[in-house]
Amino acid sequence: MTRQLNPDAPDLSGLIRPGDTVLWSQADAEPVVLTRALAAQRAAVGGRFTVFPGIALSDALAPEQADCIDFVSYCGTGRNRALAKAGVLDILPCHYSEFPPMIRSGALKVDVLMLQLAPPDEQGRYSLGLAHEYLVAAIGKARTIIAEVNDQCPWTHGERHLREEDLAAVVRTSRPPLESPKVEPGPVEDAIAAHVAGLIPDGATLQFGLGAIPEAILSRLGGHRDLGVHSGTIGDGVARLVEAGVITNARKSIDPGVIVTGMVMGSRRAHAFVHRNPLVQFRGTDYTHGADVLARVERFAALNSAVEVDLTGQVNAELVGGTYVGAVGGALDFLRAARRSPGGLPIVALPSTAGANSRIVARIGAATVSTPRSDAGIVVTEHGAADLRGLTLRQRVARMIAIAAPAHREQLEREAHAGLGI
Ligand SMILES: CC(=O)SCCNC(=O)CCNC(=O)[C@H](O)C(C)(C)COP(=O)(O)OP(=O)(O)OC[C@H]1O[C@@H](n2cnc3c(N)ncnc32)[C@H](O)[C@@H]1OP(=O)(O)O
């Protein structure tokens, strides 16, 4: 029997136990009414428990809740950055493709799963709405599933639906889902996007990583034809290019005619676009990020960003000045696949500077290597593209300095060869 919770004061008592790990649908898909209730009722659980928020966009979590809660995520994105800065966030550093097997094996424990769902269709199927992802694996593992059924959550086509009997408790709400913050591309992002757009052929299948650059790239693809999408996430730019007839998915080597994604991060426009839209198929992470699936994607253009890249092609996508802001995420899953894909483009695109700092650095230094240089592909800044595939360390240094900001090139030349070991 599904417990019906009061939307004004959802009482979670008895649903969460000390020692539990509570995981929920992330970003725009966050079940905010439940996450806020959980944070407020944390002391009533009766002992410490862990939460795994993924990308946290809402105000539900705050550092002072570390009195009862252990915070774990895979990223420092959104509100997680405040938790990281306060020293209360722990990070699970893993490739996105590993989430489903880790959840199934119990290496990543999921006791309670909290979801935002769309109301059921005429066949009684609740839609997972704005995110499928690792939730598909978690549904099969969690002891307890609690749902916020939001009548403004888009009903989306996906591989998994839920029925009332799957749900231990439900709160029924009506609110606009969270929207991912929109970053307007400036001249630097636009110059990067122009370089990347020049590399992408008609008929390519695109993947988008997190951050400002992918959306900027999409705004430069209006003149392309028959693009396809197989991605972990999509946003407003994809909706725009479908409406413009640029994304048709017609030439995809797998799933022709449809967009495949794990989630949506965007505004109401993207949310409206996916509502009851059979052109967008939501899939679990096994499918969106799995090496066996990605091996069949031809002309695969993986578009990801970075905090910094060194002169040999090592990528840091995680740390800025000692604070965890990024992720390992799906970047390496997709970059590797794009390297192997016939006609593939493994792209890491980033501004050449952040304030006075060069983001093209001699060495990654104290920070983390998220993508090793053996997986390096094409690095793009506003100053051009450096295709590192097949290049030696010495050749890479020259190409990378050429795409650094001119003001930093002399310093990079001076530091370039120390420590290369050759
Ligand atoms: C679900 C999936 O499929 S995920 C698929 C792919 N996986 C991923 O994309 C995960 C890894 N990548 C990421 O997390 C992101 O792309 C990032 C963090 C690398 C870049 O994201 P963006 O939002 O574009 O970051 P941005 O360039 O704005 O940098 C973030 C902040 O750090 C600052 N910063 C970045 N690099 C530096 C630097 N080298 N020195 C100093 N400051 C820096 C920026 O100025 C910015 O500061 P602000 O937020 O105060 O304005």
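The following exchange concerns a predicted model and asks what lies behind some of the terms used for it.

Student: What makes strand 17 and strand 24 a pair, and in which sense do they run?

Tutor: Two strands pair if at least two bridges are found between them, and strand 17 (residues 308-310) and strand 24 are joined over two bridges in the parallel sense, so the criterion is met. Within strand 24, Val361 is the bridge partner of Asp310.

Student: Why are strand 18 and strand 24 said to stand at the edges of their sheet?

Tutor: The open sheet has three strands in the order 18-17-24, with mixed pairing. Strand 18 (315-316) and strand 24 (360-361) each have a single partner strand, so one side of each is left without a neighbour in the sheet.

Student: Which residues are closest to the ligand, and how are they classed?

Tutor: The ligand is surrounded by 27 residues, of which the closest are Gly209, Gly211, Gly232, Gly326 and Gly329. Helix 6 (212-218) and strand 13 (228-234) are the elements that give two or more residues to this shell. Because Gly is counted as polar, these closest glycines belong with the 13 polar residues of the shell, beside 12 nonpolar and two charged ones.

Student: What makes up the largest nonpolar core, and which domains does it draw on?

Tutor: The largest nonpolar core has 133 residues, and Ala302 and Ile347 have the most contacts inside it. Helix 11 (residues 331-340) gives the most to this core, namely six residues, while domain 1 (3-173) and domain 2 (187-415) each supply at least three.

Methods: Residues numbered from 1 in each chain as written. Predicted model: local features only at pLDDT ≥ 70, side-chain atom pairs only at ≥ 80, totals over all residues. Helix = DSSP H or I, 4+ residues; strand = E, 2+ residues; numbered from the N terminus. Near = placed C-beta within 6 Å. Core = buried A, V, L, I, M, F, W, Y, C linked by C-beta atoms within 7 Å. Buried ≥ 20, exposed ≤ 12 C-beta atoms within 10 Å, placed from the backbone. Domains from an automatic or database assignment.
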